[in-house]
Structure formats: C-alpha cells, structure tokens
Amino acid sequence: MNFQWYPGHMTKAKRMMQEDIKLIDVVIELVDARIPYSSKNPDIDELAKNKSRIILLNKYDLANEEETKKWRSWYEEKGFFVAMVNSKTGKGVKEVHAVIQAACKEKIERDRRKGILNRPVRAMIVGIPNVGKSTFINSFAGKACAKTGNRPGVTKGKQWIRLNKNVELLDTPGILWPKFEDQAVGQRLAYIGSIKDEILNVTELALGLISFLKKNYSKLLMERFSLEEEMEEVKILEKIAEIRGCRLKGNELDYEKAANLLMDEFRNGRIGRITLEFPES
Ligand code: GDP
C-alpha cells in the first residue's frame with residue numbers, strides 16, 4: 001500500500017481512533033525498525049494519553065540490530081514498553097504477551113483491588129500503512145483464535161479476538177498517517193517504499209540513498225556492488241548499471257533501471273540490515 005492521505009482521510013481516521021481508543025487499555029503501535037522515528041504518527045501521543053503504550057519495532061530483520069537496540073532503549077526511556085519483532089517469521093511475536101502484561105500491570109492491580117478478577121486487557125494495533133499491522137495480527141492471533149464478537153448473544157459491532165484469558169485484541173488495526181510536513185521524513189518513507197515511486201524521481205531517490213549508504217554503511221554498499229574504491233554517487237549508480245546490465249536501446253546505460261534495482265535490493269534487505277535514522281539525531 002502507498003500513502004494517499006488527504007485532510008479528509010486524516011479527520012476520519014482520527015475520529016475512528018478516538019472512538020476505538022475509549023474501548024481499550026493498551027495501544028500497541030507498530031513502527032518500522034529501519035525508521036523508528038519517521039514511521040511514528042505525530043498525533044498518537046495525544047490520542048492515546050492515559051493509556052498504556054507499547055511500541056513494536058517491526059521488520060527488525062531488515063534493520064541493523066545494534067541500532068534497533070538503541071531505539072528500544074530510547075523509547076523505553078520515554079516511558080514506552082518496547083519489543084523487537086519480525087511479524088513475517090513470527091520472531092519475537094510470542095514475547096509480546098509478556099510485554100502487554102508488564103504494560104498493564106498497574107491496571108490489573110487496580111482491578112484486583114476493586115475485586116474485578118480476570119477481566120482481560122483490551123488492546124489495539126495501530127500504525128502507518130505498510131508497517132506490518134495485518135501481518136502482525138495474523139502472527140500474534142494465529143488461526144485458532146475465535147472472534148469473540150461471533151459468539152451468540154454478542155451484539156454486532158467491534159470484533160474482538162480473544163488471544164487467551166488475559167488479552168483481547170481489536171481485530172481491525174487503526175491506520176495512522178506519518179509526519180508529512182517533514183521533508184527528511186518523507187524521503188525516508190520513500191526509501192522504504194511507502195510512498196508511490198511513480199510520484200517520485202527514482203533516480204534522485206537512489207542517489208540520495210547511495211549518499212546515505214556511502215556515509216553510514218559503506219562496507220555493505222561496496223560489497224554488494226563490488227566497488228573497489230570510493231566514488232561519487234553518480235559513479236556508483238553508473239557502476240550498478242554496468243554490473244547489472246541496465247542498458248537502453250543503443251547500449252547506453254539505463255540509470256533509471258539501475259535506480260529501481262538499487263531501491264528493490266535495499267527494500268528487500270539484500271544490501272544488508274540497514275537502519276536509516278539514529279536516535280542521537
Ligand atoms: P499493513 O498495511 O500495516 O497491514 O502492512 P502488512 O501487514 O500488509 O505488511 C506490509 C508488507 O510488509 C508485507 O509485504 C509484509 O509481508 C511485510 N512485512 C510485515 N512484517 C514484516 C517483518 O517483520 N519483516 C519483513 N521483512 N517484512 C514484513
């Protein structure tokens with residue numbers, strides 16, 4: 001999915017979120033581990049205030065492990081409960097149960113003092129498009145889980161997935177928008193493929209990525225494309241076109257094709273595990 005947000009969308013999404021959030025105890029926000037800042041919604045802190053908060057650094061298989069751990073600490077220092085997950089393979093997904101219990105500890109104790117026993121914690125998943133919400137829900141809930149809304153006698157409306165005796169999950173995730181205003185954020189969202197490439201200049205995008213990689217992951221870049229020495233960005237793209245046989249009719253090098261190829265390889269993790277932003281900055 002690619003971003004196509006308009007003010008109307010945002011107002012509607014926000015209104016729905018406000019309604020849903022009233023029903024839940026804990027908000028589980030998925031962010032992309034390659035851009036844990038840029039893939040985070042700017043308004044959710046306000047929308048979810050007074051709720052327990054969990055951040056899942058999803059797709060951490062594609063991000064640099066050390067950097068992902070730094071981000072985990074960074075968000076933990078800000079008061080979030082945090083876990084690193086790969087929703088696609090399920091790695092780290094089971095551990096989220098313990099994180100939910102930890103995040104809701106106070107609430108569970110408050111219930112107990114009031115004599116309310118065994119009321120499940122209610123959770124919802126939120127995040128920007130393409131961050132992996134559906135994949136996570138499928139992995140976390142599995143197939144065995146009954147939708148509680150399907151029980152006879154339960155009125156239609158919100159569908160809850162009963163995960164176990166302790167947790168119920170709202171079955172539809174909340175879709176959030178990213179921080180559009182910020183240019184650098186837009187660029188990083190484009191790098192990971194969350195903004196339609198058709199509306200971008202892919203060659204420019206690729207040159208930007210090369211510049212970033214040169215500075216931060218030069219070893220991976222050089223290895224992937226058998227570069228023997230430091231070169232300018234354009235030269236690197238030219239080299240990629242050469243070694244990958246990207247040519248136009250008449251045998252001229254096809255920079256655009258090379259750019260698309262580079263972006264694909266990056267997005268699929270074939271250049272290596274790469275984080276695009278760092279907590280220090
Ligand atoms: P949603 O729009 O937030 O519901 O995102 P989806 O669940 O549809 O996932 C978007 C894409 O990301 C799909 O191609 C998924 O296979 C992929 N994906 C989701 N989670 C992971 C992950 O942890 N690692 C990797 N490598 N890919 C993932």
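**Exercise 1. What percentage of the 281 residues in the protein chain do buried residues make up?**

Solution. Keep in mind as you work that this is a predicted model.

- Step 1: Take the chain as a whole; its 281 residues include a buried share of 35%.
- Step 2: Look at the secondary structure, where eleven helices and seven strands appear along the chain.
- Step 3: Fit a box along the principal axes, and the C-alpha atoms fill roughly 75 × 35 × 35 Å.
- Step 4: Turn to contacts with a separation of 6 or more; residues 24 or more positions apart account for 67% of these.

**Exercise 2. Work out how helices α8 and α11 pack, and which residues make the contact.**

Solution. Two numbers set the scene, as two packed helices are described by the angle between their axes and the distance between the axes.

- Step 1: Locate the pair: α8 covers residues 202–216 and α11 covers residues 255–267.
- Step 2: Read off the geometry, an angle of about 55° with the axes 8 Å apart. The two helices are therefore oblique to each other.
- Step 3: Add the handedness: α8 and α11 make a left-handed crossing.
- Step 4: List the partners. From α8 come V202, T203, L205, A206 and L209, while α11 brings Y255, E256, A259, N260, L262, M263 and F266.
- Step 5: Sort these residues by class, which gives nine nonpolar, two polar and one charged.

**Exercise 3. Now bring in helix α10 and describe how α10 packs against α11 and α8.**

Solution. Let us take one partner at a time.

- Step 1: Helix α10 spans residues 233–243, and its axis comes within 9 Å of the α11 axis, crossing at roughly 90°. Because of that angle, α10 is roughly perpendicular to α11.
- Step 2: On the α10 side of this contact are L237, I240 and A241, which meet Y255, A258, A259, L261 and L262 in α11. The class count is eight nonpolar, no polar and no charged residues.
- Step 3: For α8 with α10, the angle is about 110° and the axes are 9 Å apart. So α8 is roughly perpendicular to α10.
- Step 4: Here A206, L207, I210 and S211 of α8 face E233, V234, I236 and L237 of α10. By class, this contact holds six nonpolar residues, one polar and one charged.

**Exercise 4. Which residues are closest to the ligand, and which helix gives the most to the shell around the ligand?**

Solution.

- Step 1: Count the surroundings: 16 residues surround the ligand, and the closest are S87, G132, K133, S134 and T135.
- Step 2: Look for the top contributor, which is helix α6 (residues 133–141), with three residues in the shell.
- Step 3: Split the shell by class to find four nonpolar, eight polar and four charged residues.

**Exercise 5. Place W177 in the structure and decide how W177 counts: buried, partly exposed or exposed.**

Solution.

- Step 1: Find W177 in the loop between β7 (174–175) and α7 (183–191).
- Step 2: Apply the neighbour count. A buried residue needs 20 or more other C-beta atoms within 10 Å, and an exposed one has 12 or fewer. W177 has 18 C-beta neighbours inside 10 Å, so W177 counts as partly exposed.
- Step 3: Leave out residues up to four places away in sequence; W177 then touches W5, M10, A13, N41 and I128.
- Step 4: Check one of these partners, I128, in sequence and in space. W177 and I128 lie 49 residues apart in sequence, yet their C-alpha atoms are 5.3 Å apart.

Terms used
Residues numbered from 1 in each chain as written. Predicted model: local features only at pLDDT ≥ 70, side-chain atom pairs only at ≥ 80, totals over all residues. Axes fitted to C-alpha atoms, helices over the stretch in contact; angles between N-to-C directions. Helix = DSSP H or I, 4+ residues; strand = E, 2+ residues; numbered from the N terminus. Parallel < 35°, antiparallel > 145°, perpendicular 65-115°, else oblique. Left-handed = near helix turned anticlockwise from the far one by under 90°. Contact = placed C-beta atoms within 7 Å. Nonpolar A, V, L, I, M, F, W, Y, C, P; charged D, E, K, R; others polar. Near = placed C-beta within 6 Å.
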